[in-house]
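Here are my notes on the fold, for your bench file. Please read them beside the model.

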Amino acid sequence: MTSTNLADALATGTLVLDGGLSNQLGAAGHDLSDELWSARLLADRPEAITEAHLAYFEAGANIAITSSYQATFEGFAKRGISRERGAELLTLSVELAREAARQALAEGVTGPLWVAASVGPYGAMLADGSEYRGRYGLTVGELERFHRPRVEVLAAARPDVLALETVPDSDEADALLRAVRGLGVPAWLSYSIAGDRTRAGQPLEEAFALAADADEIIAVGVNCCAPEDVDAAVGTAARVTGKPVVVYPNSGETWDAGARAWTGRSTFTAEQVEGWRASGARLIGGCCRVGPEAIASITRTLTATS
């Protein structure tokens, strides 16, 4: 744990999140075509994950999001990885981010630096693009039973915060809020959205309201969405919950799950973050296709306008 409480830091200023871990790993030449995506490297090339986190810390990020987004006991089992080994890999994801923070501080990067343990949606385990649709046909209780064991392992690794991220559906958000209750680790809840609704079609006001009274949740917002959808969502999240807002959109390109490739063009600019901060965003970064150069630009913009 860092010496500075993350919730306290959010009360006094804006922090920069990292960018897309997978695109940084891909840029370094690692093959991420496996269904486990970047989580495969936890077993095969853990040092590569540390290097990717370090690149973002060096670019100015204050918080690294771990490589556990697609790391689940069920997904590991498909690859013949035992439950015990799966728990070790989940724990390792936090340790690798901690190691990157140590290396960054040793290089003279200004701290404190924090680690957010990624908890991806059920659809990420399916690896069929359903995390962008939601509505899996499971009950809230079934989703809670899926998430709870993994969340417990990640919480035991003592990250600074749990990142409940890319959530497409308010039912799954409800399940995740139940899963983190009583674990003693704060969390943020971040939806993937399309316009003013979750990917599953629920109004954002209703979706954000689920977290308004959740003591464990220190920030609420959106990620893995188009930059153009962020502005209205920030204001809604702040108004409905009264909590700091977290935002880390994609570059603006679109993921083709069938082709496993990105299409379109980037619409993300660092200048957009000024408006997001003015509306209540206190955790700002990027998701898919947003790399260290963009994070460095966000850092410069926020520093220049603070």
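**Notes on a predicted model**

1. Start with Ser68. Beyond its neighbours within four places in sequence, Ser68 is in contact with Leu90, Ser93, Ala117, Ser118, Arg150 and Leu154. Bear in mind that the model is predicted.

2. Where does Ser68 lie? Its place is the loop between S2 and helix H5 (73-78). Ser68 counts as buried, because its relative accessibility is 0% and the cut-off for buried is under 20%.

3. The side chain of Ser68 has two polar contacts to look at. One joins it to the side chain of Thr66, at 2.7 Å. Another runs from the Ser68 side chain to the backbone oxygen of Ser118, at 2.7 Å.

4. Now the sheet. It is open, has eight strands and pairs in parallel. The strand order reads S1-S12-S9-S8-S5-S4-S3-S2. Strands S1 (15-16) and S2 (63-65) stand at the edges. Each has a single partner strand, so one side of each is left without a neighbour in the sheet.

5. Take one pair inside that order. Strand S8 (residues 217-223) pairs with strand S9 (residues 245-248) in the parallel sense, over four bridges. Which residue is the bridge partner of Gly221 in S9? That is Val246.

6. Two helices lie across strands of the sheet. Helix H8 (residues 140-156) lies across S3 (114-119) and S4 (161-167). H8 runs at about 165 degrees to S3. Helix H9 (residues 170-180) lies across S3, S4, S5 (187-191) and S8. H9 runs at about 165 degrees to S4.

How values were computed. Residues numbered from 1 in each chain as written. Predicted model: local features only at pLDDT ≥ 70, side-chain atom pairs only at ≥ 80, totals over all residues. Heavy atoms only, no water. Pairing = 2+ DSSP bridges. Contact = heavy atoms within 4.5 Å. Axes fitted to C-alpha atoms, helices over the stretch in contact; angles between N-to-C directions. Buried < 20%, exposed > 50% of the residue type's maximum accessible area, 1.4 Å probe, protein only. Polar contact = N/O pair within 3.5 Å; in protein donor to acceptor, adjacent residues only side chain to side chain.
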